[in-house]
Amino acid sequence: MQTLTPILSTVTAAFLASVVEVVEAFTIVLAVGVTRSWRPALIGAALALAVLAALVLAFGPLLALIPITTLQFVVGVLLILFGMRWLRKAILRSVGVIALHDEEAAFSKETAALHQQANDRRADYLAGLASFKAVLLEGVEVVFIVIAVGAAHGQTLYASLGALAAFVLVMLIGFAVHRPLAQVPENALKFVVGLMLTSFGIFWTGEGIGADWPGADLALLAIFAIVALASFVMVRWLRSTYPALTGGLAR
């Protein structure tokens with residue numbers, strides 16, 4: 001169980017985080033393909049994937065040169081900061097301070113912008129650039145998460161497999177339905193990913209400074225439970241303290 005816990009946690013975190021990012025990138029690529037043509041959409045996406053692969057090949061081997069305790073501490077701190085950013089936004093969305101992400105609205109916005117560029121001689125170039133930017137920007141976050149959650153315990157392969165599974169799943173579903181994946185519960189996924197990344201960060205920061213976690217890798221589950229409980233308590237407190245926020249969003 002102690003061996004499976006970090007592996008399952010790594011794969012799950014990489015998979016869920018990648019689902020969120022791939023869904024958002026797919027929305028833009030779909031808008032380009034439907035509005036302009038699939039040629040610039042796929043070329044832009046392919047070029048972005050090539051750049052991301054180059055980043056992984058360039059920076060991945062460098063991690064092996066860093067002492068493991070230093071790597072765990074640095075990655076742990078970065079994951080805490082990254083995870084807390086996801087968690088903060090998810091909490092604020094839950095109580096209505098930030099609007100929920102709407103893939104249908106994002107799709108409509110992108111198609112409107114592409115329609116305005118239809119008469120431009122550079123229309124195909126601009127469409128391909130939109131696809132490239134969407135895949136690259138969302139992909140950079142995926143690459144960071146894969147390297148971060150996998151590097152500290154030498155599980156980059158497992159994290160990569162989780163991300164690849166998310167990519168294949170979203171692409172298959174997306175091209176099958178041929179529309180934005182608006183039904184994906186993005187905020188719930190972001191909440192869970194924020195909890196997982198923060199938990200990983202706390203665990204690896206502790207290991208980096210020499211902490212002896214009770215239960216070894218099983219401590220990850222306890223840390224996750226504590227962070228989740230604190231987050232849900234915060235959501236309940238915000239909803240009870242500022243009921244006008246959730247009421248305004250409901251209207």
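This passage describes the largest pocket and two helix pairs of a predicted model. Local features need pLDDT of at least 70, side-chain atom pairs count only at pLDDT 80 or more, and totals for chains, interfaces and linings use all residues. Residues are numbered from 1 along each chain as its sequence is written, and side-chain values use heavy atoms, without hydrogens and water.

The largest pocket (an open set of points on a 1 Å grid where a 1.4 Å probe fits, with protein on both sides within 12 Å along at least five of seven lines) has a volume of about 700 Å³. Its lining (residues with an atom within 4 Å of a point) comprises 28 residues. Leu49, Leu52, Val142, Ala163 and Phe167 lie nearest the centre. Helices (DSSP runs of H or I, at least four residues) α1, α2, α5 and α6 each supply at least two lining residues. By class, the lining has 21 nonpolar, five polar and two charged residues.

The axes (lines fitted to C-alpha atoms over the stretch in contact) of α5 and α6 come within 7 Å and cross at roughly 145°. The crossing is right-handed. Contact (heavy atoms within 4.5 Å) involves Val142, Val146, Val149, Gly150 and Ala151 of α5 and Thr156, Ala159, Ser160 and Ala163 of α6. Six of these residues are nonpolar, three are polar and none is charged.

For α7 (residues 186-208) and α8 (residues 219-241), the axes come within 9 Å and cross at roughly 130°. α7 is therefore oblique to α8 (neither under 35, over 145, nor 65 to 115 degrees). This crossing is also right-handed. The contact residues divide into 15 nonpolar, three polar and no charged. Among them are Phe191 and Leu195 in α7 and Phe224 and Val227 in α8.

How values were computed. Points joined across faces, edges and corners; volume = space filled by probe spheres on them. Nonpolar A, V, L, I, M, F, W, Y, C, P; charged D, E, K, R; others polar. Axes fitted to C-alpha atoms, helices over the stretch in contact; angles between N-to-C directions. Left-handed = near helix turned anticlockwise from the far one by under 90°.
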